[in-house]
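Reader: I am new to this structure and would like a close look at a single part of it. Please take me through that part slowly, and set it within the whole.

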Amino acid sequence: MASGSGIQIPVLILLLFSLPAVIHGWGVDGHLSVCQIAQERLSDAAAAAVKELLPSYADNDLSSLCSWADRIKFRYRWSSELHFINTPDVCNYNYDRDCKDSKGVKGRCVSGAITNYTNQLLTYGNSSADSSYNLTEALLFLSHFMGDIHQPLHVSFASDKGGNTIDVHWYRRKTVLHHVWDDNIIETAEDQFYESNVEEFVDEIKRNITGEWSDQVPKWEKCTNKGVACPDIYASEGITAACDWAYKDVKEDSVLGDDYFLTRLPVVSLRLAQGGVRLAATLNRIFG
Ligand SMILES: *[C@@H]1O[C@H](CO)[C@@H](O)[C@H](O)[C@H]1NC(C)=O
Ligand SMILES: *[C@@H]1O[C@H](CO)[C@@H](O)[C@H](O)[C@H]1NC(C)=O
Ligand SMILES: *[C@@H]1O[C@H](CO)[C@@H](O)[C@H](O)[C@H]1NC(C)=O
Ligand SMILES: *[C@@H]1O[C@H](CO)[C@@H](O)[C@H](O)[C@H]1NC(C)=O
């Protein structure tokens, strides 16, 4: 080891801890789940379009790039406000009132972004349409945002930045409420029930989609008359779940343990399932 390493490691650790809290959607495993569920449900036409749009290094695996939109947030600063919706601390959502960025520019929220990238993808294969869009990026943004809009704390209160300013303990570890919903619930479930294996978790969600939940799936897939994407429905469900489950019984410095974990895990599984089913349904309508 070089003699400098004694200094470098503490400096690196300091740097890691001083990075600002990043607001992002489901963690890597949550997004991966949504995209894996979706890709298997694609029609032949949608599967072919997705295959063509994915970069070759993705090896036709959409889930491998489902967190791309989080990784480029610093390079594409303009995109960072497209991952969520803030309501004025109320338990309902209204597009005209809530879908805007911090400067008040309308349409700049996760719902507006889903509509935006859906519209771009609708030009796929149309030689007379505007071809200035990068449809690979449109696909990766849409796939990511369809996950984010299903994370309850991505459609939640402005004053606490979607639970990012609420300090809690996840069992014994200090974190913030937002991170509990992005990562901790999923990771603890994987560790306790799925041999620390995200694939096993995803497999059980898929089994429930074709089993337990199969009656509800057509309702999840449905969009309003002739609509291609229906993000406002998902956003309304999101803020309801945030109030009913994420924020409920939580205050600053709450210790969240088994009670919280076991009652919220079904909500997380359901939202991941809905995100995956709806991403597939949307891509099937786009490329249909
Ligand atoms: C729509 O997509 C374009 C291209 O990525 C981007 O510049 C713009 O900010 C997006 N707007 C919204 C509301 O998503
Ligand atoms: C192709 O794009 C052009 C220009 O935007 C539009 O008028 C036309 O309806 C599109 N065709 C199809 C099949 O969507
Ligand atoms: C489209 O976006 C991808 C991902 O950012 C990039 O690798 C690719 O070069 C872009 N394609 C074009 C034609 O700009
Ligand atoms: C699947 O459904 C069963 C039966 O309702 C439930 O006990 C289980 O928690 C569900 N698992 C997931 C991952 O959704």
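Author: What follows begins with the chain as a whole, turns to the core, and then visits some single residues and the ligands.

This is a predicted model, in which local features need pLDDT of at least 70 and side-chain atom pairs count only at pLDDT 80 or more, whereas totals for chains, interfaces and linings use all residues. Residues are numbered from 1 along each chain as its sequence is written, chains are lettered from A and ligands numbered from 1 in the order in which they are written, and side-chain values use heavy atoms, with hydrogens and water left out.

The protein chain has 12 helices and five strands, where helices (H or I, at least four residues) and strands (E, at least two) are DSSP runs, numbered from the N terminus. Its C-alpha trace spans about 60 × 50 × 45 Å along the principal axes. Because a compact globule of 288 residues would have a radius of gyration near 19 Å, the 19 Å of the protein chain agrees with that expectation; the radius is taken over C-alpha atoms, and the globule rule is 2.2 Å times the number of residues to the power 0.38. Of the 288 residues, 50% count as buried, a word that stands for under 20% relative accessible area, with exposed over 50% and partly exposed in between (1.4 Å probe, protein chains only). Among contacts (heavy atoms within 4.5 Å) between residues at least 6 apart in sequence, 73% join residues at least 24 apart.

The part to look at closely is the largest nonpolar core, where a nonpolar core is a set of buried Ala, Val, Leu, Ile, Met, Phe, Trp, Tyr and Cys residues joined through side-chain atoms within 4.5 Å. Of its 84 residues, Leu121, Leu177, Trp181, Tyr260 and Leu283 touch the most other members. Helix α12, residues 258-287, gives the most to this core, with 13 residues. Leaving out residues up to four places away in sequence, Leu177 touches Leu153, Gly163, Ile166, Val168, Ala246, Tyr247, Val250, Leu256 and Tyr260.

Turning to single residues, His144 belongs to helix α7, residues 135-148, and is buried, with a relative accessible area of 0%. Its side chain reaches the backbone oxygen of Cys66 at 2.7 Å, a polar contact, meaning a pair of N or O atoms within 3.5 Å, of which, within protein, one must be able to donate a hydrogen and the other to accept it, while residues adjacent in sequence count only if both atoms are side-chain atoms. Beyond its neighbours within four places in sequence, His144 is in contact with His31, Cys66, Ser67, Ala69, Asp70 and His83.

Ser196, in turn, sits in the loop between α8 (177-193) and α9 (198-210). Not counting residues up to four places away in sequence, Ser196 touches Glu190 and Asp191, and a polar contact of 2.9 Å joins the side chains of Ser196 and Asp191.

Among the ligands, ligand 3 has Trp68, Asn134 and Glu137 around it, each with a heavy atom within 4 Å of the ligand. One of its oxygen atoms is 2.3 Å from an N or O atom in the side chain of Asn134, and a polar side-chain atom of Glu137 lies 2.5 Å from an oxygen atom of ligand 3. The protein covers 35% of the 360 Å² of accessible area that ligand 3 has on its own, areas coming from the Shrake-Rupley method with a 1.4 Å probe and, for residues, counting only the protein chains shown as cover.
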